[in-house]
Structures are given as structure tokens and as C-alpha cells.
Amino acid sequence: MRHLIFFMHTSLDGFVAGPKGELNWVSINEELFDFVATMTAQADTALYGRVTYEMMQSYWPTAGQQPNASKHDKEHSVWYKNVSKVVLSKTMSEAGLENTVVIGDNLTDNINKIKNRDGKNILIFGSPGASHSLLSQGLVDEFWLFVNPILLGQGIPLFKGITETTKLKLLESKTFASGVIALHYAKSSN
């Protein structure tokens, strides 16, 4: 079975974005980009909420073709174009979308069907609302949390709507020169 892996930057005090969705506090650099590229190489499906998908669609399809494109822009643009995309949305239509499936209802059944297909991992990047829905239904198998050395004090919480205790096992951790610490957890069986 394929794993659904949650990728999220978070502040030390547990926020994934500022009160208005701000992400200007997230520490990103080539070291982090190279690390994330090792994860995307192990995935053939990207899962997004509608807002994040629209943001990604407005940038990644042509990012690698821009004159000032970085190594990361070029590599991730190719991956983004080729990866199967799943969007959680009750308002979006699949009409005119390439290599994209929209899930508007029956979240658990639809996600489990995707997880049971042959293939590589499924990654969900950002998308706090979609992530909260997946987490509340126990559909996330692994977590990569990128803890940024900042306290925001307020914003969109990392975890919301969790109604049952979920034990996790730390699989690995990595500290980056920027002070970001990546924590990799999987659901624990005991």
C-alpha cells in the first residue's frame, strides 16, 4: 500500500501560516530544496487543497522555463508537470484539468482507493484545510514536519480537528544550517 505523507512547515509554537495565511516566515533555501527533492523522487502523486493547488498551478508548470529559473525551479517544475495531482475541493471541477483528479466527497473511500493503487508515495504539501480533513479521518500515514525557529503567536494551527489520540514513532530527524529541524514520524502500531 502506498503511503500518504504530510509535508508541512511549522513554527515552533505550532502554526503553519500567519493569521492571514502568511508564509513569509518559512525558511527555505537550496539545502532544504535538495532534501525535499529526495522525497518527491519517491512520490508519483501530489495532493492539495484547492487554494494551494491554484497557487501551484499558477507557478510550477512554467517555472523551470523562466530565464532566471534556479536548479530547484527546473527540477520541481518537471516533477510537478509529470506527477498525478489530487485536489480536495467541493467547488472545483475537473473540466479542462490535465493529470488531475478532484475529490469533493467520500474523502476516506476516495483516498483509500488511491492509496491501494500500485505506485509510489502520495505527498500533501501545505494545504492546511485539506490536511486538517485528512488528519481528522486518520488518512495520513507519515509526517514530515519542518520546524522553523520562530514563534508566531497566532495563525493557522498545525493540527486541528483531531478527536482521537494517535501515537507516532520518530523515524528520523535532520537539522539544517538555517536552524530548521525536519522531523519524520509514522503512525505507531502500539
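Which crossing, left-handed or right-handed, does α1 make as it passes α3? The crossing is left-handed. The model behind this report is predicted.

## The sheet

Start with the sheet. Eight strands form an open sheet with mixed pairing. Their order is β5-β4-β3-β6-β1-β7-β10-β9. The edges are β5 (100–103) and β9 (168–175), and each of these pairs on one side only. Neighbouring strands are turned by 20° against each other on average, direction ignored.

Strand β1 spans residues 4–11. In the strand order, β1 stands between β6 and β7. With β6 (residues 121–125), β1 pairs in the parallel sense over four bridges. With β7, β1 also pairs in the parallel sense, over seven bridges. Two bridge partners of β1 residues lie in β6: F125 is the partner of F7, and I124 is the partner of F6. On the β7 side, F6 stands opposite F143. Seven of the eight residues of β1 are buried, so this strand is largely enclosed by the rest of the structure.

## Helices on the sheet

Two helices deserve a look here. Helix α1 covers residues 30–40 and packs on the sheet. It touches β1, β3 (43–49), β6, β7 (142–148), β9 and β10 (181–187). The direction of α1 makes about 175° with that of β7.

Helix α5 covers residues 128–136. It lies across β1, β3, β4 (84–88), β6 and β7. Its course runs at about 125° to β1. Within α5, the residues A130, S131, H132, L134 and L135 are buried. Just after α5 comes G138, with a positive phi of about 70°.

## How α1 meets α3

Two packed helices are described by the angle between their axes and the distance between the axes. For α1 and α3, the angle is about 20° and the axes are 10 Å apart. Angles under 35 degrees count as roughly parallel. The two helices, α1 and α3, are therefore roughly parallel to each other.

Residues from both helices make the contact. On α1, they are E30, F33, D34, A37 and T40. On α3, they are K71, H72, E75, H76 and W79. An α-helix has 3.6 residues a turn, so residues three or four places apart point the same way.

## Two nonpolar cores

The largest nonpolar core holds 26 residues. Which of them touch the most other members? They are F7, Y48, W79, W144 and F146. Several elements feed this core: β1, α1, β3, α2 (50–63), α3 (71–82), β6 and β7 each supply at least two residues. W79 has two roles, since it is among those core residues and also takes part in the contact between α1 and α3.

F146 shows how one core residue is surrounded. Leaving out residues up to four places away in sequence, F146 touches F7, M8, H9, T10, L32, F35, V36, F176, V180, I181 and A182. A second, separate core has 21 residues. Among them are L47, I103, L135 and L145. Of these, L135 is also one of the buried residues of α5.

## Residues in the loops

Two asparagines have positive phi values. N99 lies in the loop between β4 and β5. Its phi is near 55°, a positive value in a residue other than glycine. Is N99 buried, exposed or partly exposed? Its relative accessibility is 37%, so N99 counts as partly exposed. N106 sits in the loop between β5 and α4 (107–116). Its phi is positive, about 50°, although N106 is not a glycine. N106 has 51% relative accessibility and therefore counts as exposed.

A69 belongs to the loop between α2 and α3. This alanine is buried, because its relative accessible area is 13% and the cut-off for buried is under 20%. Leaving out residues up to four places away in sequence, A69 touches A63, G64 and K74. R50 is 19 residues from A69 along the chain, and the C-alpha atoms of the two are separated by 25 Å.

Notes. Residues are numbered from 1 along each chain as its sequence is written. This is a predicted model: local features need pLDDT of at least 70, side-chain atom pairs count only at pLDDT 80 or more; totals for chains, interfaces and linings use all residues. Side-chain values use heavy atoms; hydrogens and water are left out. Two strands pair if DSSP finds at least two bridges between them. Axes are lines fitted to C-alpha atoms, for helices over the stretch in contact, and angles run from 0 to 180 degrees between N-to-C directions. Contact means heavy atoms within 4.5 Å. A nonpolar core is a set of buried Ala, Val, Leu, Ile, Met, Phe, Trp, Tyr and Cys residues joined through side-chain atoms within 4.5 Å. Buried means under 20% relative accessible area, exposed over 50%, partly exposed in between (1.4 Å probe, protein chains only). Angles under 35 degrees count as roughly parallel, over 145 as roughly antiparallel, 65 to 115 as roughly perpendicular and the rest as oblique. A crossing is left-handed if the near helix is turned anticlockwise from the far one by less than a right angle, and right-handed if clockwise.
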